[in-house]
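Subject: A structure for you to look at

Hello,

I am passing on a structure that may be new to you. Please have a look at it first, and then read on for my notes.

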Amino acid sequence: MLSKKTKYGLKAMAYLARQESNKPVLIGQISDVESIPKKFLEAILLDLKKIGFVNSKQGKGGGYYLARPAEEISLASLIRVLEGPIALLPCVSKNYYEKCDDCPNEGVCQLNKVMTELRDSTLEILENKSLASLR
């Protein structure tokens, strides 16, 4: 299951993607419309800004806005930033690979094979869906 951070981050990014002119949006507005706790949203948007998914403008007319078009932001990239690995086991992760302590041979592990297939199917969807698909 996705964490609340990831769910809220995706909802906030989808809200920003729905803005027609890419004008900055106040955190309070996103928080109210999407029912996301404001303090939690502030932390999420700061993380997304550090990574380069959003920009912000201070002062009158300020707020957050997408750093690039929604069509160029894959759901997989957002989930990785917010959640971490997409794979359910570390031994099948493409970006966060770790050998399982309890597995002597990944090559014959049936669980590894199924989880690799699941990862590939999930990535096929998430890498080919952009933020624009959540509008």
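Below is what was found in it, taken topic by topic. Please keep in mind that this is a predicted model.

**The cysteines**

Let me begin with the sulfur atoms. How many disulfides does the structure hold? The count is 0. C103 is not part of one, and its nearest cysteine sulfur belongs to C109, 4.1 Å away. Seen from the other side, C109 is likewise in no disulfide, with the sulfur of C103 as its nearest at 4.1 Å. A disulfide needs the two sulfur atoms to lie within 2.5 Å, so the 4.1 Å between C103 and C109 does not qualify. Is C103 buried or exposed? C103 is buried, because its relative accessible area is 11% and the cut-off for buried is under 20%.

**The enclosed space**

Next come the empty spaces. Rolling a probe the size of a water molecule over the atoms shows where such space is left. Counting cavities of 30 Å³ or more gives 1. The largest cavity has a volume of about 50 Å³. Which residues line the largest cavity? They are R80, P85, I86, A87, V92, S93, K94, N95, Y96, R119 and L123. Sorted by class, this lining has 6 nonpolar, 3 charged and 2 polar residues.

**The open space**

The largest pocket offers about 230 Å³ of space. Its lining is made up of 13 residues, and those nearest the pocket centre are L2, P85, I86, L88 and T122. Helix 5, which covers residues 110–127, supplies the largest share of that lining, with 5 residues. As for character, the pocket lining has 10 nonpolar residues, along with 2 charged and 1 polar. If you compare the two lists, you will find P85 and I86 lining the largest cavity and also among the residues nearest the centre of the largest pocket.

**A look at V81**

Finally, here is one residue to find on your screen. V81 sits in helix 4, which runs over residues 75–82. V81 counts as partly exposed because its relative accessible area is 30%, between the cut-offs of 20% and 50%. What does V81 touch, leaving out residues up to four places away in sequence? Its contacts are L48, I51 and F53. V81 and L2 are 79 residues apart along the chain, yet their C-alpha atoms are separated by 12 Å. L2 is also one of the residues nearest the centre of the largest pocket.

Happy exploring, and best wishes!

Terms used. Residues are numbered from 1 along each chain as its sequence is written. This is a predicted model: local features need pLDDT of at least 70, side-chain atom pairs count only at pLDDT 80 or more; totals for chains, interfaces and linings use all residues. Side-chain values use heavy atoms; hydrogens and water are left out. Buried means under 20% relative accessible area, exposed over 50%, partly exposed in between (1.4 Å probe, protein chains only). On a 1 Å grid over the protein atoms alone, a cavity is a set of points where a 1.4 Å probe fits but cannot get out, and a pocket is an open set with protein on both sides within 12 Å along at least five of seven lines; lining residues have an atom within 4 Å of a point. Grid points are joined across faces, edges and corners, and a volume is the space filled by probe spheres set on the points. Ala, Val, Leu, Ile, Met, Phe, Trp, Tyr, Cys and Pro count as nonpolar, Asp, Glu, Lys and Arg as charged, and the others, Gly among them, as polar. Helices (H or I, at least four residues) and strands (E, at least two) are DSSP runs, numbered from the N terminus. Contact means heavy atoms within 4.5 Å.
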